Each structure stands twice: as structure tokens, then as C-alpha cells.
Amino acid sequence: MTDVTEAPSDTAPASEGHGGDHAVAVAAAHGVDTMFTLSGAHVFPMYDGAVKAEPPMRIVDVRHEQTAVFAAEAVGKLTRVPGLAVLTAGPGVTNGVSPITQASFSGSPLVVVGGRAPANRWGMGSLQELDHPPLLAPVTKLARTVHQVAEIAGAVDEAFTLAGSSHRGPTFLDVPMDQFFDKATVDRPVVGPRRRLEADPDALARVGALLAEASRPVLVLGTDVWADGAEEAALRFVEQTGVPVVTNGMGRGVVPGGHPLLVTKARGKALGTADLVVVVGTPLDFRLGYGVFGGKDGAPPARVVHLADSPGQVSGHVDLAASASGDLTAVIDGVQAALEQAATRPDWSAWVADLQGAVAAAVERDAELLRSEADPIHPARIYGELVPRLADDSVVIGDGGDFVSFAGKYVEPKRPGGWLDPGPYGCLGAGLGSAIAARIARPSAQVVLLLGDGAAGMSLMDVDTLVRHNLPVVMVCGNNSAWGLEKQPMQMLYGYDVAADLAPRTRYDEVVKALGGGGETVTDPTRIGPALDRAFASGAPYLVNVITDVDAAYPRNTFGV
Ligand SMILES: Cc1ncc(C[n+]2csc(CCOP(=O)(O)OP(=O)(O)O)c2C)c(N)n1
Ligand SMILES: [Mg+2]
């Protein structure tokens, strides 16, 4: 996929075709090579357009529309080219609402094309006649009906341009069936280079000055650092200034796991005792304590700087010492230049050493659990076995509750763009869609899907899609026979729990086998490693079903509210 997303729309010579031909051609011009869908007659022109395109567009047909949209969202996250999902009218579109919302919360570039009951029968009660845009408007950057076949090419161009522009997010179009099947000769837009938002140089100078004054700064790098293509600028900034870093979301891996300036493992101390926290490319939401830093162990409150990819992303609820927005490479480079021009050159070495000590202590503490021989298996032991087996190019996907929180604690990616978590919307069920996308977007990379047993039930049928499309991935199910992340809080609040248990020791590996993949169940901690080796060697969709201790809850200090 090529990195072209935004279009100062020029036009090419007129082209003839039905609505699907035009939509597919414009999507391909934006760098799309795959559409994710589940069949419905309302969108047949999209399939015909894909089959007959030159070269044809790959069609990946799935078993639930949520998987199609989660897959397209994940393609957008991994490739930074908007993913494309095609949903049939009515229930097809409404089944896509959760993943579209997830894309909105995560700033993922995504275009969803929906079918729509025919305009010439509107109001007469044709099958699946639903006006979708009002449902989608609150969770998209654009949600509209394209009323004429001749308008489809321009509308699809607009949808891709908006989805791929800062701040990225989902867009939605639907096309009445009669117009979709109709033909028109139109000028298809030509896709141009990406336009970049510029930052205010005075604001960047102010951030540089605040850093020059700071004694205990921390830099937080989030998803938009990757999404905006600023990962190289960010690493350069870190290495040349020596500032310690905490990462979250797709910011993970921008500073590789094990790097001396990566202090995510000492996050509490870093953010709690910093005097300046510079947050780049992620909202100041519950994952970052709503932007309140400092105050720990008698430390004064920290100053906060927010750097975002676009003005609308700058926090409105925090009293910021400074902020700036724009193309994040230019923003980061601009702050670095300002810092280098400052009269004083800050010395953060003692602060960094202090945090490195805390990281080392955390690593030591973790080591014990990672080696745990407890029976039933402690979930941390799974990561003790998995992490050393991860390749530098691995794509690691989390779909679950506590089991995935443990992954966040123990997996530190070596490269950016290889970590997919649900983000601030926290929607379970993305697992199989994300795995399908990862295998397609990174054909030679290791792909590992971490599934809670509860989450597994939401998308496991799409192993069928992995099998039919020959997409091998390794799935690891942390099977504690419970909706663990809900069971423990309910116990804590009420002293009992209800609606939180799942059937004991369910054989999710047998489900995968029944669908044509491979798998096995593990109950002995020493058998986890060999099972993972068999999974990686299998070259097939393979699920390692690890029976874990339901009482080994993730030690969390926030429930996100
Ligand atoms: C679609 C959706 N439904 C419900 C929830 C609430 N929820 C968050 S975590 C969780 C439990 C997940 O259980 P499991 O996948 O087994 O992981 P575990 O916590 O047991 O490791 C639930 C139900 C949610 N986040 N998303
Ligand atoms: Mg569970």
C-alpha cells in the first residue's frame, strides 16, 4: 500500500462505469488494495468493481460485519492508509457501529461504504430500508448519502481524504441501490500528496523553553505519533535530548523495548514525580489520569504540555502550561530546535538514573511472576514464555480484559506500528478482525493475537475467515473461565459477583480445529513454551488455550471512570 492519502482533487480523463467501478477505482487511487465485507445484494456493485478492476481489489469476506470493520480499522492503523469496509444495508451497517465508534475514539483512518435501500422505493418499505447517516454522524468525520451515481467518485475521494487527514477517523457513505447499480461517465479525482498542518512557531518555542527550565521532565508518546508518521522524529528527539519516555497505544515501540530512556515500567514514579509532562499524540484521558501529573511522594503538581496532530485534539479540561498542534514531525523537530537554542542546557542525568533504577526494580519484581510455577497457571507466566519468542517485527494484538492488561505490562515492542489494543473505547471483539488485517498488512511478520476467553467468544467464528483466506496467525487464549476484569471489581464493590462466570475450561482450541485450524490446551506452566513453538511453526491459524487462575487478577488502580 502506498502512502498517499490526501487529495487536492484534480481530475483524470472521464471514465465509464457503474457506482462500484467508480468507488473501487478511487479507493485504489488512495492506496487501498483490500476490501473487507460480508455479502449483501445492496453492495454487489462494489464486488463487481473489485473483481473487474485492473489489478483486481482483494475481497476478504468475513463472518460478522464487526470483523470486517475491525479489520479495516486495523489495516488503517498498521499501514496508515485508510482501511475499507463494505457493509450491506440495514443490519450490515448497524453491525458495524461499534467498530466504527472504536475507530473514532482511536483516530483510526477508516472508510465504510454502506448499501442503502433504493431511492426509487424509499418510504415504501423495501428490505432493510434504514437511513444510516443520522446513526453514524456522531461517530464519524463524515456520514452522508450519495444520491447520484455520478457523485460517487467525488464522494469516495472526499471520504478517503478526510479519513486520512489529521485528526484521522472514520467516514461513512451509503449509496441507494438503484444508483449504485446505475452507470455514469465521470471524471475521477486524481489523488495528490498529503497536506500537512503547520504548527505555531511561538508555541513550539514556549514548549522548548519549558523543557529547558524543567528538572524532571517526562515525554509521553501516544498513538498519533505513529499515525502521523512522526516516529523517527520522536526517537531522534528522545536520543538527542535524553528525555525519559512513557509510551501508550501505538506509541509503543517508537522508543524500542529495553531502550535506556524508556521508563514505561516506572510509569507511576515518572508521571507522579515529574515537574513537566509533555504529552504527544494522545488525549489526556483516563489512561493518563486525565492529565493530572506530579503530586506523588510530596512532589508538587507537574506542569503539563499537550502536543497534538490538530487543534481539536488539544485538551480542553487541563490547565496547560503550553500546547501546540500540527504535523507531529514538524512539532517535535520545532520543539527540539527551540530547546537547543535555549541559554541553559538542562542536565537530566540524575532524574533519568533515578527512573532507570525504578525500571530495574520493576523488571526484577516482574521476573518472579513471569517465571511463576503456580497451578493453576498465573497469566503472567504466559508472557514469561511468549515475550522471549517475539520477533522484532511482531504484531501483537490484545482483545480481552485482565489478560490484555498483563500484556500491556510485559510486552514492550521493539518497533513502532506493531501493537494493537482497543484504545479508549475499549470494545471487546476486535481480535479476529485485527488478526486478519495484521496478516494481510504484514505478510511476513509474526502475528500474535492475545484473547481473553470472554473476548474470544465475540469473534472466534472468524477463524473460518483466517482458514478460507489462508491467513496463519498465532492465537493465545488466557482462559480464566470468567469475564475477569468485571468479576473482580464486582467482588470488590458488592462482595459477590454475578454474570461474570464462563463455563470452566472451554476448549476454544477445539473450536479453532473444527474450523480448519490447529490448537491445543495447556494446563501445566512448563508446557506453555513448547505449545507456543508448535503454534509458530504450524503455519496455520493455531490457538493455544491456556487454563489460568481466575483469582490472579490484574492489579489495577484505575477502572477508567
Ligand atoms: C463489547 C464490550 N462488552 C463488554 C465490555 C466490558 N468488559 C470489559 S473487560 C470485560 C471482561 C473480559 O473478559 P475476558 O476477555 O475473558 O478477559 P479477562 O478479563 O478475563 O482476562 C468485559 C466484559 C467491553 N469492554 N466491551
Ligand atoms: Mg476471561
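Modeller: Before turning to this predicted model, one definition is needed: a donor is an N, O or S atom within 2.8 Å of the metal, and since water is not among the atoms, a site may look incomplete.

Biologist: What makes D453, N480 and A482 donors of the magnesium ion (ligand 2)?

Modeller: The atoms concerned are OD of D453, OD1 of N480 and O of A482, and they lie 2.0 to 2.1 Å from the ion; set against the limit of 2.8 Å, these distances qualify, so the three residues are called donors. Along the chain, the donors follow the spacing D-x26-N-x1-A.

Biologist: How do you know whether N480 and A482 are buried or exposed?

Modeller: The relative accessible area is 15% for N480 and 3% for A482, and because buried means under 20%, N480 and A482 are both called buried.

Biologist: Which residues are closest to ligand 1, and how many surround it?

Modeller: There are 17 residues around ligand 1, the closest being D402, G426, D453, G454 and G484. D453 is also among the donors of the magnesium ion (ligand 2).

Biologist: What makes the approach of G426, A455 and G484 to ligand 1 a set of polar contacts?

Modeller: A polar backbone atom of G426 is 2.8 Å from a nitrogen atom of ligand 1, while for A455 a backbone N or O atom lies 2.9 Å from an oxygen atom of the ligand, and for G484 a polar backbone atom is 2.8 Å from an oxygen atom of the ligand. A polar contact is a pair of N or O atoms within 3.5 Å, so the pairs made by G426, A455 and G484 meet the criterion.

Biologist: Where does G484 belong, and which residues of that element are buried?

Modeller: G484 belongs to helix α20 (residues 484-494), where the buried residues are G484, K487, P489 and M490. Those buried residues pack against α16 (402-410), and the helix is followed by G495, with a positive phi near 80 degrees.

Biologist: Why is R442 described as having no salt bridge?

Modeller: The nearest side chain of opposite charge is that of D393, 7.9 Å away, and because a salt bridge requires a side-chain nitrogen of Lys or Arg within 4 Å of a carboxyl oxygen of Asp or Glu, the buried R442 is left without one. R442 is placed in the loop between α17 (431-441) and β16 (447-452), and, not counting residues up to four places away in sequence, R442 touches L78, W226, V395, G417 and G418.

Biologist: What makes the pairing of D174 and R116 a salt bridge?

Modeller: The N to O distance between the two side chains is 3.0 Å, and since the limit is 4 Å, the pair counts as a salt bridge. The pair links distant parts of the chain, with D174 in strand β7 and R116 in strand β5 (residues 110-116), 58 residues apart. With relative accessible areas of 0% for D174 and 7% for R116, both values are under the 20% cut-off, and therefore D174 and R116 are called buried.

Biologist: How do you know whether D333 and R236, which also meet in a salt bridge, are buried, exposed or partly exposed?

Modeller: Their N to O distance is 2.9 Å. D333 lies in helix α13 (residues 328-341) and R236 in helix α11 (residues 231-241), so the pair ties together parts that are 97 residues apart in sequence. The relative accessible area of D333 is 30% and that of R236 is 34%; because partly exposed covers the range between 20% and 50%, that term applies to D333 and to R236.

Biologist: Why is N470 called exposed?

Modeller: The relative accessible area of N470 is 60%, and because exposed means over 50%, the term applies to N470. N470 is found in the loop between α19 (463-468) and β17 (474-479).

Biologist: What makes the phi of N470 notable?

Modeller: Most residues other than glycine have a negative phi, whereas the phi of N470 is near 55 degrees, a positive value in a residue other than glycine.

Notes
Residues numbered from 1 in each chain as written. Chains lettered and ligands numbered in written order. Predicted model: local features only at pLDDT ≥ 70, side-chain atom pairs only at ≥ 80, totals over all residues. Heavy atoms only, no water. Donors = N, O, S within 2.8 Å, 3.2 Å for Na, K, Ca; no water. Buried < 20%, exposed > 50% of the residue type's maximum accessible area, 1.4 Å probe, protein only. Helix = DSSP H or I, 4+ residues; strand = E, 2+ residues; numbered from the N terminus. Lys, Arg positive; Asp, Glu negative; His and termini not counted. Contact = heavy atoms within 4.5 Å. Near = heavy atom within 4 Å. Polar contact = N/O pair within 3.5 Å; in protein donor to acceptor, adjacent residues only side chain to side chain.
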